[in-house]
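User: Hello! I am new to this structure and would like a friendly tour of it. Could you show it to me first?

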Protein chains: 2
Amino acid sequence: MAGLPKSRLPMTLHSFDEAIALTPRDDNSFTGCTSPAYANMVGPFGGTTAATMLQAALQHPERLGQPIALTVNFASAVAEGEFEVHARAARTNRSTQHWLIEMVQQGQTVSTASAVFAQRRSTWSRPEAMPPEEVPAPETLRSADTSRRPAWVRRYDMRFIEGGMPEPFDAVEQPHSRTCAWVRDEPARSLDHASLAALCDSFFPRVFIRRRKPAPIGTVTMTTYFHADEALLAAQADRHVLCCARAMNFRDGYFDQSAEVWSDSRELLASTHQMVYFRE
Amino acid sequence: MAGLPKSRLPMTLHSFDEAIALTPRDDNSFTGCTSPAYANMVGPFGGTTAATMLQAALQHPERLGQPIALTVNFASAVAEGEFEVHARAARTNRSTQHWLIEMVQQGQTVSTASAVFAQRRSTWSRPEAMPPEEVPAPETLRSADTSRRPAWVRRYDMRFIEGGMPEPFDAVEQPHSRTCAWVRDEPARSLDHASLAALCDSFFPRVFIRRRKPAPIGTVTMTTYFHADEALLAAQADRHVLCCARAMNFRDGYFDQSAEVWSDSRELLASTHQMVYFRE
């Protein structure tokens, strides 16, 4: 930002932009640093890791088009502190571009990712899935108390319609693990593909909701499909988005999660899927 | 197979095993060749490409555990003929292993993939989603006529409950794009992770079902979660599995597909997601 005239500098950078900031090191690599503002119980929030991986492609000089898909594999715990991100356009076609991205600490791979970018054109378009009917407006709901949660949770304003964090954990098993909530960055920040990538990892673990008891868990891989282009995200601005998640199956140490993020005008912004390790 | 005594050689290899066969070239790379038996309209069936990528990790001497997740990015059309597959264990942990896999032709990347493998242990397990109730048994349904389809379609026995290929394409737009069908390899072959990975790409394009008209399409990325371990797949043997697919959104050149593959004892074997390019 050194080159920008002072009048165009934001007064303070949003903590999310600080968390995903990357400094170019050479043609295909960047350095970054985990942010205490997005700390999780161990290491940083996976959502900021995902957004940082996407950011490496987004700010790469060879980047063409907008993100269509992002898969992030959480290969090991990321340590607090510095990291390198290596990003390579493995293939550039007329309208699509395929990226391979790797995050490295102390010479070891801690996360891998692939991203598909595309130049989108106007075509026949139709929704097929719809968001839940008649959900209460975010203004009518209480923000979840995040004061005793890890730092990253306090970076979101979450207003649960169903399936919030069980309080207390009473170990009464539920018939399903569904969550539906209005969520936005805290403080408010205009939605873009990077913040949407992070938001897609902001759901509490499905096994906590289903069993109403905590367990050691870790997302091993997450895939997000971006249905929204920049214009649609810009139209959503910094208002709450509707986030709905569920699991299909818990078996032998792994469960899945599928979720959707909807605009407040009922447009699908992202669909996202993950496989999560759990113990016990 | 040169080293095997003759009595242990199968009489004939299944055409699927021929299609995904890889010859080790050095520690981290293999050579293979597309199979006319699984040809698509242009190049090979994406399902065999996906299975071949997984196969590189499955037969790698460093491989630990069983597949949990596979993401394949179809970076460009694969040409008929030879290819190389490069596979690298980017990270090996106590119970998980993260693979990066690349398919190359003429020095160009044609496909990239990541796979997560894990040693699964017995834990609390529960289904959450269920397959459709009261579907007719496969024996009571007619096999779809695949005689005029690309070669790969004839490698599957497909028995549609709903959402088969529109015949004719009458351009009468449907309210949804759902498909439900019993499917198995043709000729029958015992299910394993490689054939399940291929099966997950055997759905006809959702936009064909929804619009009942053809269009240029191409899957750009596909992610499959393996809920089943080897024992559960072995129990399913070569009987038909129940495959159900739908889209959530068609917008500006891309649509998604989500699908599940169920055993005939109503166990979730795989859930699979893709983003697909379409024109017009």
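## A guided tour

User: What pLDDT does chain A average?

Analyst: Happy to start there: this is a predicted model, where local features need pLDDT of at least 70, side-chain atom pairs count only at pLDDT 80 or more, and totals for chains, interfaces and linings use all residues. Residues are numbered from 1 along each chain as its sequence is written, while chains are lettered from A and ligands numbered from 1 in the order in which they are written. pLDDT is the predictor's confidence in each residue, from 0 to 100. In chain A, 96% of the residues score at least 70, and the average is 95.

User: Over which residues of chain A does pLDDT stay under 50?

Analyst: Where pLDDT is low, the predicted coordinates should not be read in detail. The stretch in question has two contacts beyond four places in sequence (a contact means C-beta atoms, placed from the backbone, within 7 Å). In chain A, pLDDT stays under 50 over residues 1–7.

User: How are the two copies, chain A and chain B, related?

Analyst: A rotation of 180° with 0.0 Å of shift along its axis superposes chain A on chain B, with an RMSD of 0.0 Å (least squares on the C-alpha atoms of residues with pLDDT of at least 70 in both). The two copies are thus related as by a two-fold rotation axis.

User: How many residues of H2(A) are buried?

Analyst: Helices (H or I, at least four residues) and strands (E, at least two) are DSSP runs, numbered from the N terminus. A residue is buried if 20 or more other C-beta atoms lie within 10 Å of its own, exposed if 12 or fewer, and partly exposed in between, with C-beta atoms placed from the backbone. Helix H2 of chain A covers residues 46–58. H2(A) is mostly covered, and its buried residues number 13 of 13.

User: Which residues of S2(A) point to the buried face?

Analyst: Side chains alternate along strand S2 (residues 29–33) of chain A. Ser29(A), Thr31(A) and Cys33(A) point to one face and are not buried. Pointing to the other face, and buried, are Phe30(A) and Gly32(A).

User: In S4(A), what is the bridge partner of Gly32(A)?

Analyst: S2(A) has three bridges to strand S1 (residues 23–26) of chain A, antiparallel, and five to strand S4 (residues 82–92), also antiparallel; strands pair if DSSP finds at least two bridges between them. On the S1(A) side, Pro24(A) is bridged to Phe30(A). In S4(A), the bridge partner of Gly32(A) is Phe83(A).

Conventions: The expected span of a helix is 1.5 Å times one less than its number of residues.
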